[in-house]
Amino acid sequence: MSTVTDKRDILGELTAQKQALSISLPTSKTEEYRFTPVVRVLEKSFPKGFIGGEKKEIKSIEEYLIPGLDAALLVVIDGVYSKEFSNIGKEEAVSTTSSNDPFAVMNAAWSKGAISINKSDKPVLVLNLNTGSVPSVHNRITVKVEDGASISIIQKSINISSSPVFQTLSEEISVGESARFDLYKIQNSANLIEVGNTSINQVNSSHVNTFTLMLDGTLVRNNLTISIDGENCESHFHGLSLLKGETIGDNHTVVDHLKPNSVSNELYKGVMDDKSKGVFNGKIFVRPHAQKTNAFQSNRNILLTDQATINTKPQLEIWADDVKCSHGCTTGQLDDEALFYLQSRGIGKEDARAMLLYAFAMQTTELIANAPLKAHIDSLISKRLYEGQ
């Protein structure tokens, strides 16, 4: 969890990291990052290089907690594990990464330590808090869910300052036989440039749920890679992006079926307002031995302005013949007839619009079982759609 604090220009700093790590920084010609200009955004946000602001002390984390949620706490402040506020997690040496994503390689190289979680009877709330005094942070978490066990993680990344912060995240999760893993991400922080890489490996009869809520951020890129390396696995991956301003939000997913008799279901929805930009790229692989696989993927989007954009690319590659698989995407605007119907019943135009968007969004939250978490997410969605917050 290191920082770069010299005063070279940002591209020079990134180039130095590129040379040290033997990686290629993504450009507009890099297919995987064609619509997500990370380097350009970093150059604009850090014109004088990675220079942090004044050191700030966090005396309480109360305002960052989720109301009513009884959870274990793992808190990282400016890239450093907080023993004061955390009651779970163990610091370990950095492991290598199996991902060839340049920012995953960067994270593995520049992180000084990883934080491991192996057992928790309560949901684990992971708070990545940034004060702006450290401009570049690289956080790393490993999770091992033992056979028959269950772990639920809720992650929030927050920049509490007006200064920009560049944050890379790496999460490596292994889910044992007949085990369950739930991962929820809430991304709602201005002035945060975030690139995350989450890798999940499942074995026989395991169950995985993930949900990502993307609301705010200068640029947010989520790379989610799932290896279903067992039979009778069940996996659900849901995401909701409600973007405004000039936020760039990108979800890249890879679901790889390696063994037979498993089910995956992927549903991502987006609502883009103002000049925001959404990106979705979803890949499903069904390997030759993964017979009787059921794999489904759907991406649905609504554009609220002529200046909002979405770039979506669902992909499906099948090498087995006894499978049920489908993928698809839709992009459009609000249904004028439905909007007119609500207005004809005395509902104001803005409230009618919010009601339709709320109904569109809430399908993605159906698998959230924890009541306080679901109420909190529902509140965030309602505030965005009804109040514009």
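**Exercise 1. Determine why cysteine 325 forms no bond to another cysteine sulfur.**

Solution. Begin with the criterion, by which a disulfide is a pair of cysteine sulfur atoms within 2.5 Å. The cysteine sulfur closest to that of cysteine 325 belongs to cysteine 233 and is 15 Å away, which is too far for a bond. The structure, a predicted model, accordingly holds zero disulfides, and cysteine 233 is in none, its nearest cysteine sulfur being that of cysteine 325. For the surroundings, take relative accessible area, where buried means under 20%, exposed over 50% and partly exposed in between (1.4 Å probe, protein chains only). Cysteine 233 is buried at 2% relative accessibility, whereas cysteine 325, at 22%, is partly exposed.

Two conventions apply throughout. Residues are numbered from 1 along each chain as its sequence is written. Because the model is predicted, local features need pLDDT of at least 70 and side-chain atom pairs count only at pLDDT 80 or more, while totals for chains, interfaces and linings use all residues, and side-chain values use heavy atoms, with hydrogens and water left out.

**Exercise 2. Work out how many residues of strand E14 are buried, and which strands pair with E14.**

Solution. Strands (E, at least two residues) and helices (H or I, at least four) are DSSP runs numbered from the N terminus. Strand E14 covers residues 248-257, and nine of its 10 residues are buried, so the strand is largely enclosed by the rest of the structure. Next apply the pairing rule, which asks DSSP to find at least two bridges between two strands. E14 pairs in the parallel sense with strand E12 (residues 219-228) over 10 bridges, and aspartate 250 in E14 stands opposite arginine 221. Strand E16 (residues 277-286) also runs parallel to E14, joined to it by 10 bridges, and in E16 isoleucine 284 is the bridge partner of valine 255.

**Exercise 3. Compare the span of helix H5 with its expected value, and find what covers its buried residues.**

Solution. The expected span is 1.5 Å times one less than the number of residues. Helix H5 (residues 349-361) has 13 residues and reaches 18 Å from its first C-alpha to its last, close to the 18 Å expected. Its buried residues include Ala352, Leu357 and Phe360. The elements that cover the buried residues of H5 include strands E13 (234-243), E15 (263-272) and E17 (294-303), together with helices H4 (336-344) and H6 (371-387), where contact means heavy atoms within 4.5 Å.
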